Amino acid sequence: MSTNLTWLGHNAWLIETAGKSILLDPFLNDSPISPVKAEAVKADFILLSHGHSDHLGDTVAIAKRTGATVLTNFEVGEWLKRQGVAEDKVVGMNPGGGSTQAFGHVKFTTAIHSSSMPDGGYGGVAGGFVLKLEDERIYFACDTALFLDMKLIGGGGLDLAVLPIGDLYTMGPDDSLDAIKLLNPKRVAPCHYNTWPPIAQDAAAWANGVRSHAAAEPVVLEPGGKITL
Ligand SMILES: [Zn+2]
């Protein structure tokens, strides 16, 4: 069974697998580069890496409209419930923990990054996600610095890794090359860049760097572009 991933700009992705629609970090209506509006997306599940507004985005509105189950860290999950997201539609996780859902297994992985809510509330710790689907393993690093344990995350084999390359708030292009060497995925896609001028990057130059320094195949998308695994 194939899996389709559509980049919705920044760290927002739509993953379609096993007949389910999964949104990751749906920052849509306030994103200058999102190709879709929050009112138009389908979601059975939402994965939310941390509480910052460029990731939380439209999570509350989409969760309420669609009844999607939200998987996120424990503290962000409690905050979502206080915003009116149904108690039984929130799965609160912590790094290292996993959860089996209708589309596959989700593990909340370590990330080196901060997390707080737009109202100043405590947002727990930021994380990434490893998705173990029927036929594929996908790693979304989400907002993070480079860290050596990426070697362990890549240990089970990865069909795709999605890494930030914007620099300033996350790892930049150079550190992402080291991350790719540690993860050793078959394919790698960049995100969290060109949303605003402070995180502008040349993705074509990044892709050339990947080709000359790592075995992974770089996949550079425009917002709205799709990868099929
Ligand atoms: Zn971010």
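The largest pocket in this predicted model comes out at a volume of about 250 Å³. Its lining is made up of 14 residues, and the ones that lie nearest the pocket centre are K107, T109, V130, L152 and I153. Sorted by class, the lining of this pocket is a mixed bag: six nonpolar residues, joined by four polar and four charged ones. Three elements each put in at least two lining residues, namely β8 (104-110), β9 (127-132) and α4 (150-154). Of the contributors, β8 gives the most, with five residues.

Two of those pocket-lining elements are also partners in a sheet. Strands β8 and β9 pair in the antiparallel sense, with six bridges between them. Within that pairing, T109, one of the residues nearest the pocket centre, sits opposite G128 of β9. In general terms, strands of a sheet pair through backbone hydrogen bonds, either parallel or antiparallel. Zooming out, β8 and β9 belong to an open sheet of seven strands, ordered β7-β8-β9-β10-β11-β12-β13, and the pairing across the sheet is mixed. The edges are taken by β7 (98-101) and β13 (217-218); each has a single partner strand, so one side of each goes without a neighbour in the sheet.

Elsewhere in the chain, β5 (residues 69-73) and β6 (residues 90-93) run parallel and are joined by four bridges. One of the residues involved is T72, whose bridge partner in β6 is G92. To get from β5 to β6 the chain passes through helix α3 (residues 74-82), and the resulting β-α-β crossover is right-handed.

Then there is the metal site. A zinc ion is held by two aspartates and two histidines: D54 and D143 coordinate through OD, H55 and H192 through NE2, at 2.1 to 2.3 Å. The angles subtended by the four donor atoms run from 87 to 167°, which is why the arrangement counts as irregular; a tetrahedral label would need all angles to lie between 85 and 135 degrees. Along the chain, the donors follow the spacing D-H-x87-D-x48-H. The site thereby ties together distant parts of the chain: H55 belongs to helix α1 (residues 53-56), while D143 is found 88 residues away, in the loop between β10 (137-140) and α4. Helix α4 is itself among the elements that line the largest pocket.

How values were computed. Residues are numbered from 1 along each chain as its sequence is written. This is a predicted model: local features need pLDDT of at least 70, side-chain atom pairs count only at pLDDT 80 or more; totals for chains, interfaces and linings use all residues. Side-chain values use heavy atoms; hydrogens and water are left out. Two strands pair if DSSP finds at least two bridges between them. A crossover is right-handed if, with the strands pointing away from the viewer, the path from the first strand over the helix to the second runs clockwise. On a 1 Å grid over the protein atoms alone, a cavity is a set of points where a 1.4 Å probe fits but cannot get out, and a pocket is an open set with protein on both sides within 12 Å along at least five of seven lines; lining residues have an atom within 4 Å of a point. Grid points are joined across faces, edges and corners, and a volume is the space filled by probe spheres set on the points. Ala, Val, Leu, Ile, Met, Phe, Trp, Tyr, Cys and Pro count as nonpolar, Asp, Glu, Lys and Arg as charged, and the others, Gly among them, as polar. Donors are N, O and S atoms within 2.8 Å of the metal (3.2 Å for Na, K and Ca); water is not among the atoms, so sites may look incomplete. Four donors count as tetrahedral if all angles lie between 85 and 135 degrees; four count as square planar and six as octahedral if opposite donors are over 155 degrees apart and all others between 65 and 115; anything else is irregular.
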